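Here's a quick briefing to read with the model open beside you. Have a look at the fold before going on.

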Amino acid sequence: MHPLIVRSKILAKAGFLHGFSTRWASEAGPTGPGGAFPDDAIHLSGFFEALGRDPESALRVKQVHGNAVLQTPARDWSTEADAIVLGPEDAPITPVIRTADCVPVLVGDAFTGRVAAVHAGWQGVEKCVVKEAIQAMGGPAIRLVAAIGPCICTDCFEVGEEVASAVEGASEPDVTDRSRGPKPHVDLRLAVRLQLRALGLRPESIEDVAGCTQCEPERFFSFRRDGANAGRQMAVIVPRATRNLRHT
Ligand SMILES: [Zn+2]
């Protein structure tokens, strides 16, 4: 009834082990002991078990709403970065991005097996973190497949003018809807899609994995709804050790 993991059809078809966790990933269910949100270690172990990956293989970074890309499998969680790009030689490693309203983006190169896991909130969109990650992957963008994971929806993402302007400036004016109320609403999903398109990804190679973190409390943690102590979803994609092109 409540899936532990949400997956992308196109990443699966391209042979990439990946997943976006829901709040049910933890063994303890949607909340931990005493009703508190489960801590990351518990959430991660439940999620990795469902994925069939060793929790010890997790590579996390200190996310700071910037645009730095980690490209080495450093195991120091204090490394500041908002994207991880790894190649087939790093296949034993599982890059992890944590979100709770921001946009998790998973990208795979169907030819080389290289992957990117990206954390893109409005600040990440403004700072073009997706572009930094795609460029770090190397190779033509036409080979890439990308999944935009569960994040805050347009209805829920009411913002100030400065945020709307920042996101528009880094994508297109279409991402803002000013007809819904006194304040603008921004479609972060669309902003990320437009950035991926501008980088050369084909429209059919970008998948929206549905879900709003704020208006689906049964499925997701939300920073806006739950506050600073909200749990975090995790998004992972594993580099592909060998070519598995099948019919693609
Ligand atoms: Zn929503």
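The notes below go through the metal site, the sheet, the cavity and one helix residue.

This is a predicted model, where local features need pLDDT of at least 70, side-chain atom pairs count only at pLDDT 80 or more, and totals for chains, interfaces and linings use all residues. Residues are numbered from 1 along each chain as its sequence is written, and side-chain values use heavy atoms, with hydrogens and water left out.

**Zinc site**

- Four cysteine sulfurs hold the zinc ion: the SG atoms of Cys-153, Cys-156, Cys-212 and Cys-215 lie 2.2 to 2.3 Å from the metal.
- A donor here is an N, O or S atom within 2.8 Å of the metal (3.2 Å for Na, K and Ca); water is not among the atoms, so sites may look incomplete.
- The geometry comes out tetrahedral because the angles between the four donor atoms run from 96 to 118 degrees (for four donors, all angles must lie between 85 and 135 degrees).
- Along the chain, the donors are spaced C-x2-C-x55-C-x2-C.
- Cys-212 is buried, at 4% relative accessible area, while Cys-215 is partly exposed, at 47%.
- For those labels, buried means under 20% relative accessible area, exposed over 50% and partly exposed in between, using a 1.4 Å probe and protein chains only.

**The six-stranded sheet**

- An open sheet of six strands runs in the order β4-β5-β8-β7-β9-β12, with mixed pairing.
- β4 (69-70) and β12 (206-208) are the edge strands; each has a single partner strand, so one side of each has no neighbour in the sheet.
- Strands (E, at least two residues) and helices (H or I, at least four) are DSSP runs numbered from the N terminus, and two strands pair if DSSP finds at least two bridges between them.
- At one edge, β4 runs parallel to β5 (residues 83-86), joined by two bridges, and Leu-70 sits opposite Ile-84 of β5.
- β9 (residues 144-148) has five of its five residues buried.
- Both faces of β9 are covered, with Leu-144, Ala-146 and Ile-148 on one side and Val-145 and Ala-147 on the other.
- β7 (residues 103-109) runs antiparallel to β9 over five bridges, and Gly-108 has Val-145 as its bridge partner there.
- β9 also pairs with β12, this time parallel over three bridges, with Ala-146 opposite Ile-206.

**The cavity**

- There's one cavity of 30 Å³ or more in the structure, and the largest cavity has about 40 Å³ of space.
- A cavity is a set of points, on a 1 Å grid over the protein atoms alone, where a 1.4 Å probe fits but cannot get out; lining residues have an atom within 4 Å of a point.
- Phe-20, Ser-21, Thr-99, Pro-104, Pro-150, Gln-233, Met-234 and Ala-235 line the largest cavity.
- β2 (18-21) and β13 (233-237) each bring at least two lining residues, and β13 gives the largest share, at three.
- By type, the lining has five nonpolar residues, three polar and no charged.
- In that split, Ala, Val, Leu, Ile, Met, Phe, Trp, Tyr, Cys and Pro count as nonpolar, Asp, Glu, Lys and Arg as charged, and the others, Gly among them, as polar.

**A helix residue**

- Gln-135 belongs to helix α4 (residues 129-137) and is exposed, with 51% relative accessible area.
- Gln-135 and Ala-12 are 123 residues apart in sequence, and their C-alpha atoms are 23 Å apart in space.

Terms used:
Tetrahedral: all angles 85-135°; square planar, octahedral: opposite > 155°, others 65-115°. 1 Å grid on protein atoms, 1.4 Å probe; cavity = no way out; pocket = protein on both sides within 12 Å on 5 of 7 lines; lining within 4 Å. Points joined across faces, edges and corners; volume = space filled by probe spheres on them.
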